[in-house]
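Colleague: Could you take a close look at a single strand and describe its surroundings?

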Amino acid sequence: MKRQQVVAVIGAGDAPAAVRRLAFALGREIARNGAVLLNGGRTGVMESAAAGARKLGGHTIGILPGYDRRAANRHIEFAIATGIGEARNAVIVASADAIIALAGEGGTLAEIGFAKKFGKPIVALDSWPEIDGLNRADTPADAVALALKLAKSNSRRGN
């Protein structure tokens with residue numbers, strides 16, 4: 001059985017409305033392309049991306065920092081309670097085939113660092129211009145298409 005590709009969407013938990021709209025569109029595009037959405041399962045970018053994916057019947061996984069699965073937002077289909085706090089950022093990145101980064105703060109920056117360290121493809125959408133070496137996209141559709149293309153190429157190399 002072939003596994004679906006998993007795309008992590010990372011960004012601020014307290015994101016402004018414009019960033020949440022981008023996240024929602026990303027979630028829809030991930031579902032439209034038959035991939036699974038993975039994120040931290042909480043608010044802001046995470047909730048908006050999950051809502052977009054679920055709107056089109058896509059699957060969503062939330063990797064939570066605490067022990068209570070009920071802390072996941074209502075759009076998370078599979079909530080994974082870790083009890084490991086911010087260390088969950090490494091789990092999110094390690095579990096994804098590709099990462100799409102939106103505007104965020106320290107946690108998002110840590111996830112970008114893990115993606116670089118783990119050799120995971122990462123696409124920045126309207127964010128992180130100060131970080132060299134990120135793939136860039138101008139629209140949610142372009143970001144998802146590029147992330148899936150890079151993930152496929154990365155898996156052929158054994159990463």
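Modeller: Two strands pair if DSSP finds at least two bridges between them; strands (E, at least two residues) and helices (H or I, at least four) are DSSP runs, numbered from the N terminus. The model is predicted, so that local features need pLDDT of at least 70 and side-chain atom pairs count only at pLDDT 80 or more, while totals for chains, interfaces and linings use all residues. Residues are numbered from 1 along each chain as its sequence is written, and side-chain values use heavy atoms, with hydrogens and water left out.

The strand chosen here is β1, residues 6-10. Strand β1 is mostly covered, five of its five residues being buried (under 20% relative accessible area, with exposed over 50% and partly exposed in between, for a 1.4 Å probe and protein chains only). Val7 and Val9 point one way from β1, whereas Val6, Ala8 and Ile10 point the other way.

On pairing, β1 joins strand β2 (residues 36-39) in the parallel sense over three bridges. Within that pairing, Leu37 in β2 is the bridge partner of Val7. The connection from β1 to β2 passes through helix α1 (residues 17-32), and this β-α-β crossover is right-handed: with the strands pointing away from the viewer, the path from the first strand over the helix to the second runs clockwise.

Strand β1 also pairs with strand β5 (residues 98-101), again in the parallel sense, over four bridges. There, Val9 stands opposite Ile100 in β5. Both Val7, the partner of Leu37, and Val9, opposite Ile100, are buried.
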